[in-house]
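Let's take a walk through this model together, starting with one pair of charged side chains and working outwards from there. Keep the structure open beside you as you read.

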Amino acid sequence: MDVLFHPETGLIFWSLISFLLLFVLLKKIAYKPILGMLEKRENKIKESLDEAEKTRLEAEKLFADYQKQIENARKEAQQVIEQGRVAAEGIKKEIIESANKESKRMIESAQHEMTSEKEKIIVELQDKMAGLIIDASSKVVQKALSKKDHLSLIKEYTAKLGDICEG
C-alpha cells in the first residue's frame, strides 16, 4: 500500500508519456471525427428546432385561417337565415295580397250575380204583373175594350210598374 502513496519516478514518467501519447493519438485520430459528429448533432438539433418553430408558425396560421373560415361560415349561415326570413315574409305578403284580390273578385262576382238576378226577377215580375193586369183588366172591362186597347193599357201599366220598381 505504500506504493500508492509514494509513487516511483519511473512509473510517473512512463504514465505521463503514455498519457501524452494517448492524448496526441486521440487528438490526431478521434478528436476531429468526434467534433464533426458533435457539430452534425448540433446542426441537426438546430434544424429540428427551426422546423418545430416553422411548424408551430404554420399551425398558428392554419388555426387563424380556420377561425376566419368558421366566422365566415357563421356569417354566411346568418345571411342565408336572413334571406330565408325575408323570402318567407315576401311569400306571406304575396299570399295575403292574392287572397285579398281573390276575395274582392269573389265579392264583385257575387254583386254582379246579385244585380243580374235582381234584373231577371224584375223582368219576371213585370211579365207576371202584365199577365195579372191583362187578366184583371179583361174581367173589369169584359170585352168592352178591343185587343189593341188592351195592349196599350198593358204597355202603359208595365211602364209605370217599371218606374216603380226602379225607383
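Start at Lys46, which pairs up with Glu42 in a salt bridge, their closest N and O atoms sitting 3.7 Å apart. How far apart are these two residues in helix H2? They are 4 residues apart, which means that about one helical turn separates Lys46 from Glu42. Neither end of the pair is tucked away: Lys46 is partly exposed at a relative accessible area of 45%, and Glu42 is partly exposed at 43%. Before going further, bear in mind that this is a predicted model.

Now move along to Glu71, which makes a salt bridge with Arg74; here the closest N and O atoms are 3.9 Å apart. The spacing in helix H2 is 3 residues, so Glu71 and Arg74 are again separated by about one helical turn. Are the two partners buried or exposed? Glu71 is partly exposed, with a relative accessible area of 36%, while Arg74 has 55% relative accessibility and therefore counts as exposed, the cut-off for that being over 50%.

Further on, the side chains of Glu117 and Lys120 meet in another salt bridge, at 3.8 Å from N to O. Glu117 and Lys120 are 3 residues apart in helix H2, so about one helical turn lies between them. Glu117 is partly exposed, its relative accessible area being 40%. There is also a small web of charges to look for: Glu53, Arg56 and Glu60 are joined into one network by salt bridges that share partners. How many salt bridges does a search of the whole structure find? The count comes to 7.

Not every charged residue ends up in such a pair. Glu47, Asp50, Glu51 and Glu58 form a negative patch on the surface. Take Glu51 as one of its members: this residue sits in helix H2, which spans residues 9–141. With a relative accessibility of 45%, Glu51 counts as partly exposed, because that value falls between the 20% and 50% cut-offs.

For a change of chemistry, head back towards the start of the chain. Which residues form a nonpolar patch on the surface? They are Leu16, Phe19, Leu20, Phe23 and Val24, and together they have about 500 Å² of accessible area. One of them, Leu16, lies in helix H2.

Then jump to Leu132, which is also a helix H2 residue. At 53% relative accessibility, Leu132 counts as exposed, since the threshold is over 50%. Leu132 and Ile154 are 22 residues apart in sequence, and their C-alpha atoms are 9.8 Å apart in space.

With those local stops in mind, zoom out to the whole chain. It has 3 helices and 0 strands, so reading from the N terminus the elements simply run α-α-α, each one a helix as DSSP assigns it. How much of the chain counts as buried? Of its 167 residues, 5% do. The accessible surface comes to about 15,500 Å², and 63% of that belongs to carbon and sulfur atoms.

Finally, a word on how far the predictor trusts its own work. The mean pLDDT of the chain is 85, and 88% of the residues reach 70 or more. Where in the chain is confidence lowest, and where is it highest? The low point is helix H1 (residues 2–5), with a mean of 62, whereas H2 has the highest mean, at 90. Helix H2 is also where the Lys46 and Glu42 pair is found, along with Glu71 and Arg74 and with Glu117 and Lys120.

Note on methods
Residues are numbered from 1 along each chain as its sequence is written. This is a predicted model: local features need pLDDT of at least 70, side-chain atom pairs count only at pLDDT 80 or more; totals for chains, interfaces and linings use all residues. Side-chain values use heavy atoms; hydrogens and water are left out. Buried means under 20% relative accessible area, exposed over 50%, partly exposed in between (1.4 Å probe, protein chains only). Accessible areas come from the Shrake-Rupley method with a 1.4 Å probe; for residues, only the protein chains shown count as cover. Patches are made of residues with over 30% relative accessible area and no salt bridge: like charges are joined within 9 Å, nonpolar side chains (Val, Leu, Ile, Met, Phe, Trp, Tyr) within 5 Å. A salt bridge is a side-chain nitrogen of Lys or Arg within 4 Å of a carboxyl oxygen of Asp or Glu. Lys and Arg count as positive and Asp and Glu as negative; His and the chain ends are not counted. The place of a charge is taken as NZ of Lys, CZ of Arg, CG of Asp or CD of Glu. pLDDT is the predictor's confidence in each residue, from 0 to 100.
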